[in-house]
Structure formats: structure tokens, C-alpha cells
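Let's take a walk along a protein chain together. Keep the 3D view open and follow along from one end to the other.

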Amino acid sequence: MLTIFGLLGQRRRAKITEIVSTRRSIRSRGPNAKNTLCSRGHPYDVVVIKKNGQIYRDCRECRRHHKAKFLARIGMTESEYGRRRRYVRRQKILAGRGLPVVPSLVPK
Ligand SMILES: [Zn+2]
């Protein structure tokens, strides 16, 4: 899942959230298009843009909850998981350039 949302400044985030939250701007005519709250009653305050181009609204509270659940399941802290993801991304870049993977850089 790709989200550039987190990389944007506060003003742009607020604007995107505002536009996507506006009923008229929502392309979906699905049954949830008019909802402004998630199924647990939190406001939709995040816009997620997936790698495949899908855009959907989400709430921070539930994202936090699911992330914590996921991290607990894989037994990593947030910083360990971040380090692991950065490592994997670096290795993909190196592999794409035909460069060898350096074993000493492999995190625990
Ligand atoms: Zn929620």
C-alpha cells in the first residue's frame, strides 16, 4: 500500500481530506459513499492512495489499531519494522542495479 499522504504538509493534507470527504467529490456511488464516520464511529480523516490507484478514506484511530495488531502479530516494534522495510527497499534497489547484497547489512 502506497500513501503519499503522510509525506504532504498539513495544509495539503487538510485540503485533500476536505475534498475527498465532500460527498460530491466522491466518485463511488456505493452504499458507504455518504458516510463520514467509520463503522466504529470515528471520523474519516485520512485519504489512502494505493499503488494500484485506488483511493479510499480511512480513520486514524482504526489504522492505529490495526497497525498495532499487525506489529504484535509479527513481534516487531514500529522502529524495527521501519528498519526492516527500509532494508528490503534498499536491497530491491541494489538488486535492480545488479549489485550484490551485503550480508553484514542484514538486520537481526
Ligand atoms: Zn475507525
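Starting at the N terminus, the elements of the chain come in the order α-β-β-α-α. That adds up to three helices and two strands. Keep in mind that you're looking at a predicted model, so it helps to ask how confident the predictor was. The mean pLDDT of the chain is 83, and 81% of the residues reach at least 70. Helix 1 (residues 10-21) has the lowest mean pLDDT among the elements, at 79, while helix 2 has the highest, at 96. As a rule of thumb, predicted coordinates shouldn't be read in detail where pLDDT is low.

Now move along to the two strands. Strand 1 (residues 46-49) and strand 2 (residues 55-58) run antiparallel, and four bridges join them. You can pick out one pairing yourself: Ile49 has Ile55 in strand 2 as its bridge partner. The two strands form a hairpin with five residues between them, and here Gly53 takes a positive phi near 95°.

Next, slide on to the loop between helix 2 (60-74) and helix 3, where you'll find Met76. Is Met76 buried, exposed or partly exposed? Count the neighbours: 14 other C-beta atoms lie within 10 Å of Met76, so this residue is partly exposed. A residue needs 20 or more to be called buried, and 12 or fewer to be called exposed. Leaving aside residues up to four places away in sequence, Met76 touches Leu71, Tyr81 and Arg84.

That brings us to helix 3 (residues 78-96), and here's a nice little check you can do. How far should its 19 residues span, at 1.5 Å a residue? The expected value is 27 Å, and the C-alpha atoms at the two ends of helix 3 are 27 Å apart, so the two agree. Helix 3 is also hardly covered, as zero of its 19 residues count as buried. While you're looking at a helix, remember that an α-helix has 3.6 residues a turn, so residues three or four places apart point the same way. After helix 3 comes Gly98, with a positive phi near 70°.

Finally, zoom out to the whole chain. Of its 108 residues, 3% count as buried. Looking at contacts with a separation of 6 or more, 34% involve residues 24 or more positions apart.

How values were computed. Residues numbered from 1 in each chain as written. Predicted model: local features only at pLDDT ≥ 70, side-chain atom pairs only at ≥ 80, totals over all residues. Contact = placed C-beta atoms within 7 Å. Expected span 1.5 Å × (residues − 1). Pairing = 2+ DSSP bridges. pLDDT = per-residue confidence, 0-100.
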